[in-house]
Amino acid sequence: MNYKYSTIFIFLLVLAIFSCKEDEETIISVPESDRTEQQVIDNDSLVGYLNTHYYNSSEVNAMTNPSLNDLMFIELLDGDVVPSDYSLLIDNVEIKTTTHMDVEYMYYVLKIKQGEGEMSPEFSDDIKVNYWGALTDGTVFDQTTTPIVNDLSTFIPGWHRVLPDFNTSDSFESNIDGSVSYSGYGMGAMFIPSGLGYFSTYQDGIPTYSNLIFKFELMQTESNDHDSDNIPSYMEVSDSNQYDLYGFDTDEDSAPDFLDTDDDGDGTITADEIQIETYSDTTLEGLKFTLDELVLLSNQFISSITSNSGTFNANLVTLVDSNDNGVPNYLDPAESDTIE
Ligand SMILES: [Ca+2]
Ligand SMILES: [Ca+2]
Ligand SMILES: [Ca+2]
Ligand SMILES: [Ca+2]
């Protein structure tokens, strides 16, 4: 190696070392924010937004089936007053609190339509929705054009809290072009802190620690029992954290209860450790009438209604506790008798 090339080599080597060092420092210099501190910052920002934005309340409230684009958030400029027929968001949102990852969060819900349907999703159910998502600076990062069906448990924590407070559509009709028009659907908007959104995780179009605004329409919902053990997934959580599907593993075999067909690991599947009585009728109304007449005990629930070639079915599930120790058999390895 002659002098000229060795100089270049040393220069590149120094540059490489320097670059590596800089990369390391870049990574180290961005520790995740403290959730409690970030919540204070986020809540100030959200309240600021709600105090400086109004919406077309009279117009949208008068509509039977308002679309997402019908609901408009408009910035109140300094010195202006809210026009009549419009309302300031802060005066109309419901203020909610919840605990997520041991932090108390506040979030805000604007309810335009409760929804005329009978169904409300649990946080782990499938939902059919239209939505529009934006940052508080007005940047839209996602929007549906036709309703999508998705498992609500895969959505961000804010959605788990908000959607169960709404009802589904009460009717729909198929159009000539194959699309479906819904009416009487639940519709609203949520204003959620980053801690109930993506927090420190960067998403396409969503910077880290972004507060999020969603408008949504809830068309339909369907109960989810991910492991088909007859215990709906929303019930396969701990009492202390009703939204944490993955954190509840009774037999500690690394399969969380909602994905475990033998929850207590005693060798008898859960479906055989509970009592199931099926009710059927040729009409939905007839079945509902029968179910309404039932007087449920505290350890009983009715599974969602399903239909199968003209017959409507629902299961009355009893969580039997044979040894009377307060733990139902399917979660109690000490009690493994199969229920007849
Ligand atoms: Ca289940
Ligand atoms: Ca398990
Ligand atoms: Ca299970
Ligand atoms: Ca079992």
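**Exercise 1.** In this predicted model, decide whether T268 is buried or exposed, then work out what it does at the calcium ion (ligand 4).

*Solution.* Start with the accessibility: T268 comes in at 13% relative accessibility, so it counts as buried, given that the cut-off for buried is under 20%. Next, look at the ion: T268 lends its O to the calcium ion (ligand 4). The other donors there are OD atoms from D262, D264 and D266, plus an OE from E273, and the distances run from 2.1 to 2.4 Å. Now check D262: it also sits at 13% relative accessibility, so it counts as buried. Finally, read the donors along the chain, and you get the spacing D-x1-D-x1-D-x1-T-x4-E.

**Exercise 2.** Which residues hold the calcium ion (ligand 3), and how are they spaced in sequence?

*Solution.* Take the side chains to begin with: D227 and D229 give OD atoms, while E236 is listed twice with OE and D263 twice with OD. Then add the O atoms of D257 and D260; the whole set spans 2.2 to 2.9 Å. Along the chain, that reads D-x1-D-x6-E-x20-D-x2-D-x2-D. D227 and D257 both lie in the loop between strand 12 (212-222) and strand 13 (275-281), so this pair ties together parts 30 residues apart in sequence.

**Exercise 3.** Which residue coordinates both the calcium ion (ligand 3) and the calcium ion (ligand 1)?

*Solution.* The two ions are 4.2 Å apart, and D227 coordinates both. As for its surroundings, D227 has 8% relative accessibility, so it counts as buried. D257 counts as buried too, at 1%.

Key
Residues are numbered from 1 along each chain as its sequence is written. Chains are lettered from A and ligands numbered from 1 in the order in which they are written. This is a predicted model: local features need pLDDT of at least 70, side-chain atom pairs count only at pLDDT 80 or more; totals for chains, interfaces and linings use all residues. Side-chain values use heavy atoms; hydrogens and water are left out. Donors are N, O and S atoms within 2.8 Å of the metal (3.2 Å for Na, K and Ca); water is not among the atoms, so sites may look incomplete. Buried means under 20% relative accessible area, exposed over 50%, partly exposed in between (1.4 Å probe, protein chains only). Helices (H or I, at least four residues) and strands (E, at least two) are DSSP runs, numbered from the N terminus.
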